[in-house]
Amino acid sequence: MIVLGLDVSYSRTGLVWLEWDRPQPLGPTTQPSLYKSKTFEIARGEWRLGRAQNLLYTELQIQLVKPDLAVIEGSIQRAGRYSRGAERKRGIKVLTMLQELNGVFKAVLDHFKIPTLESSPTHMKKLIAMKGTADKSVVAREIKARFGIEFPGDEKKGFDLYDAAGLALVGLKHRGMPL
């Protein structure tokens with residue numbers, strides 16, 4: 001079974017495919033393994049949604065094996081709740097843009113008939129680091145320690161691949177993998 005985790009952002013999107021073989025009734029449980037990882041950035045300018053759509057479409061089209069499930073990070077629902085004025089408007093604008101990008105990615109996944117699951121960042125952090133407010137570095141450390149999955153240099157670029165791996169682990173748990 002292969003699960004794709006998508007940490008969606010305009011600045012840098014992380015994609016991580018994790019593979020897990022279901023354990024046999026009397027066999028040992030197996031750990032997930034990294035099947036593939038990729039990041040892409042969408043430069044500022046016109047047609048950002050179209051470029052994002054093309055990047056994901058092309059990436060899924062060249063894959064030999066289609067994922068059994070894709071887990072996409074849900075956007076923060078409380079944008080602007082604790083802020084005022086221009087900061088609040090900016091938070092709502094960013095939320096709207098991320099929702100649009102999520103919709104474009106979900107449409108591409110639907111085109112390839114890949115079932116999707118949406119997970120909040122808090123849910124993923126709670127599952128991986130046992131605390132919903134855990135820092136990204138803690139999530140990365142837990143993924144390295146518990147699953148042996150590493151992305152050298154990702155710490156310097158915002159932990160996008162570790163977040164995508166965490167989302168893929170949410171999908172694997174959803175499909176029966178013990179965490």
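This is a short tutorial dialogue on reading the fold and a few local features of a predicted model.

User: Before we start, what are the ground rules for this model?

Analyst: It's a predicted model, where local features need pLDDT of at least 70, side-chain atom pairs count only at pLDDT 80 or more, and totals for chains, interfaces and linings use all residues. Residues are numbered from 1 along each chain as its sequence is written, and side-chain values use heavy atoms, with hydrogens and water left out.

User: How many helices and strands are there, and in what order do the elements run?

Analyst: General idea first: helices (H or I, at least four residues) and strands (E, at least two) are DSSP runs, numbered from the N terminus. Here the chain has five helices and five strands, and from the N terminus on they go β-β-β-α-β-α-β-α-α-α.

User: How do I read the sheet, and which strands stand at its edges?

Analyst: Strands of a sheet pair through backbone hydrogen bonds, either parallel or antiparallel. The working rule is that two strands pair if DSSP finds at least two bridges between them. In this chain, five strands form an open sheet in the order β3-β2-β1-β4-β5, with mixed pairing. The edges are β3 and β5 (116–119), each with a single partner strand, so one side of each has no neighbour in the sheet. On average, neighbouring strands of this sheet are turned by 20 degrees against each other, direction ignored.

User: Which strands does β2 pair with, and over how many bridges?

Analyst: Strand β1 (residues 2–7) pairs with β2 in the antiparallel sense over six bridges, and a hairpin of five residues joins the two. Leucine 6 has leucine 15 of β2 as its bridge partner. Towards strand β3 (residues 33–40), β2 is again antiparallel, over seven bridges; there, leucine 18 has leucine 34 as its bridge partner.

User: Is β2 enclosed or open, and how do I tell?

Analyst: Look at burial: buried means under 20% relative accessible area, exposed over 50%, and partly exposed in between (1.4 Å probe, protein chains only). Six of the seven residues of β2 (residues 13–19) are buried, so the strand is largely enclosed by the rest of the structure. Across the chain, 43% of the 179 residues are buried. The accessible surface (Shrake-Rupley method, 1.4 Å probe; for residues, only the protein chains shown count as cover) comes to about 10,100 Å², with 52% of that belonging to carbon and sulfur atoms.

User: Where does helix α1 lie, and how do α3 and α5 meet?

Analyst: Axes are lines fitted to C-alpha atoms, for helices over the stretch in contact, and angles run from 0 to 180 degrees between N-to-C directions. Contact means heavy atoms within 4.5 Å. Helix α1 (residues 48–62) lies across β1, β2 and β3, running at about 150 degrees to β3. As for helix α3 (residues 121–129) and helix α5 (residues 160–174), their axes come within 9 Å and cross at roughly 80 degrees. That makes α3 and α5 roughly perpendicular to each other (angles under 35 degrees count as roughly parallel, over 145 as roughly antiparallel, 65 to 115 as roughly perpendicular and the rest as oblique). On the α3 side, the contact is made by His123, Met124, Leu127 and Ile128, and on the α5 side by Asp163, Gly166, Leu167, Leu169, Val170 and Lys173.

User: How do the residues of that contact divide by type?

Analyst: Sort them like this: Ala, Val, Leu, Ile, Met, Phe, Trp, Tyr, Cys and Pro count as nonpolar, Asp, Glu, Lys and Arg as charged, and the others, Gly among them, as polar. The α3–α5 contact then has six nonpolar, two polar and two charged residues.

User: Which residues other than glycine have a positive phi, and are they buried or exposed?

Analyst: Methionine 130, in the loop between α3 and α4 (136–147), has a positive phi of about 65 degrees although it is not a glycine. At 59% relative accessibility, methionine 130 counts as exposed. Phenylalanine 159 sits in the loop between α4 and α5, and its phi is near 65 degrees, also positive in a residue other than glycine. Phenylalanine 159 is buried, with a relative accessible area of 14%.
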